[in-house]
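The following exercises are to be worked through with the sequence and the model at hand. Each task is followed by a solution in steps.

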Amino acid sequence: MSVLLKDEKNIVDKNEDEVETSSTDKRHGSNKFDRKHGSDMISHVNSVVITPKQEENILNSLEQSYSSILSAIPGEDVSRQGVLKTPHRAAKAMLYFTKGYRDNLNELINDALFDVDHDEMVIVKDIETFSLCEHHLVPFFGKVHVGYLPNRRVVGLSKIARIVEMYSRRLQVQERMTRQIAEAITCAIKPTGVAVVIEATHMCMVMRGVQKPGSKTTTSTMIGVFREDPRTRE
């Protein structure tokens with residue numbers, strides 16, 4: 001099941017209807033992401049666009065909501081100096097924490113795609129990530145590892161980290177975020193295969209609930225040859 005945003009998913013679905021089955025050697029397996037026309041899927045991916053006036057209205061709405069939350073906390077004195085400007089600061093922080101909804105994949109890649117004669121694995125490890133759990137609005141953080149097998153095209157290495165940032169700056173669950181990163185890389189460069197692994201600590205398991213410091217959650221998504229051929233994961 002695709003977990004991209006609606007507009008992003010439409011691009012994936014549209015192009016998957018145009019799959020051309022091509023014969024490849026056993027090492028690469030079948031590449032279901034080859035396209036008849038070779039068009040760049042990310043060119044039509046949309047993001048949420050807000051005007052400066054809309055941003056101002058959003059900040060005001062968030063600030064009012066945070067004021068209500070502080071006022072509802074038993075024993076809290078909202079007239080204290082330390083919390084007088086907290087609603088405004090928290091509103092600005094939340095808008096930043098969720099800026100990934102407003103990032104555009106096409107603009108993020110910014111033509112940093114290069115045709116090269118390279119078909120060996122590219123791995124970018126230990127990309128630090130911070131996100132907000134959508135269930136409790138508390139952070140989870142850790143490292144993202146990305147690997148892909150190029151199909152005569154590579155992407156600038158920093159763009160992989162930017163894709164991770166794009167999807168981490170949203171309200172998330174780790175499982176979906178892992179899939180979204182893999183699908184975005186697939187959209188961007190149409191490789192033979194993509195593998196994404198995330199290791200993260202969830203503060204909702206540390207600060208509340210079961211309260212187990214030191215626990216980590218590992219999730220993975222395999223696309224293309226990484227899913228079809230177990231030897232690629234060895």
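## Exercises on a predicted model

T201 counts as buried, because its relative accessibility is 13% and the cut-off for buried is under 20%. This residue opens the first exercise, and the model in which it is examined is a predicted one.

**Exercise 1.** Determine in which strand T201 lies and which residues, beyond its neighbours within four places in sequence, it contacts.

*Solution.*
Step 1. Locate the residue: T201 belongs to strand β6, which covers residues 193-202.
Step 2. Set aside the neighbours within four places in sequence; T201 is then in contact with P139, F140, F141, V206, S215 and K216.

**Exercise 2.** Establish how many disulfides the structure holds, and explain the result for C133.

*Solution.*
Step 1. Recall the cut-off: a disulfide requires two cysteine sulfur atoms within 2.5 Å.
Step 2. Find the closest cysteine sulfur to that of C133; it is in C204, at 4.3 Å.
Step 3. Compare the two values: the distance from C133 to C204 is too far for a bond.
Step 4. State the count: the structure holds zero disulfides.
Step 5. Add the surroundings of two cysteines: C133 is buried, with a relative accessible area of 5%, and C187 is buried as well, at 3%.

**Exercise 3.** Describe how helix α5 and helix α6 are arranged and which residues meet.

*Solution.*
Step 1. Choose the quantities: two packed helices are described by the angle between their axes and the distance between the axes.
Step 2. Read them for this pair: the axes of α5 (residues 157-168) and α6 (residues 174-189) come within 9 Å and cross at roughly 140°.
Step 3. Classify the angle: α5 is therefore oblique to α6.
Step 4. Give the handedness: the crossing of α5 past α6 is right-handed.
Step 5. List the contact: from α5 come I160, I163, V164, Y167 and S168, and from α6 come M177, Q180, I181, A184 and I185.
Step 6. Sort these residues by class: eight are nonpolar, two are polar and none is charged.
Step 7. Consider one further residue of α6, E183. E183 is buried, with a relative accessible area of 8%. Its C-alpha is 8.1 Å from that of I223, although the two residues are 40 apart in sequence.

**Exercise 4.** Carry out the description for helix α2 and helix α3.

*Solution.*
Step 1. Take distance and angle: the axes of α2 (residues 52-72) and α3 (residues 86-97) come within 8 Å and cross at roughly 125°.
Step 2. Classify: α2 and α3 are therefore oblique to each other.
Step 3. Give the handedness: α2 passes α3 in a right-handed crossing.
Step 4. Name contact residues: among them are E55, I58 and L59 of α2, and T86, P87 and H88 of α3.
Step 5. Sort by class: the contact of α2 with α3 has ten nonpolar, three polar and three charged residues.

**Exercise 5.** Examine the phi angles of N110 and L137, and state where each residue is found.

*Solution.*
Step 1. Recall the expectation: most residues other than glycine have a negative phi.
Step 2. Examine N110: its phi is positive, about 50°, although it is not a glycine. N110 is placed in the loop between α4 (105-109) and β1 (113-115), and it is exposed, with a relative accessible area of 53%.
Step 3. Examine L137: its phi is positive, about 55°, and it is not a glycine. L137 is found in the loop between β2 (122-133) and β3 (139-149), and it is partly exposed, at 46% relative accessible area.

Notes: Residues numbered from 1 in each chain as written. Predicted model: local features only at pLDDT ≥ 70, side-chain atom pairs only at ≥ 80, totals over all residues. Heavy atoms only, no water. Buried < 20%, exposed > 50% of the residue type's maximum accessible area, 1.4 Å probe, protein only. Axes fitted to C-alpha atoms, helices over the stretch in contact; angles between N-to-C directions. Helix = DSSP H or I, 4+ residues; strand = E, 2+ residues; numbered from the N terminus. Parallel < 35°, antiparallel > 145°, perpendicular 65-115°, else oblique. Left-handed = near helix turned anticlockwise from the far one by under 90°. Contact = heavy atoms within 4.5 Å. Nonpolar A, V, L, I, M, F, W, Y, C, P; charged D, E, K, R; others polar.
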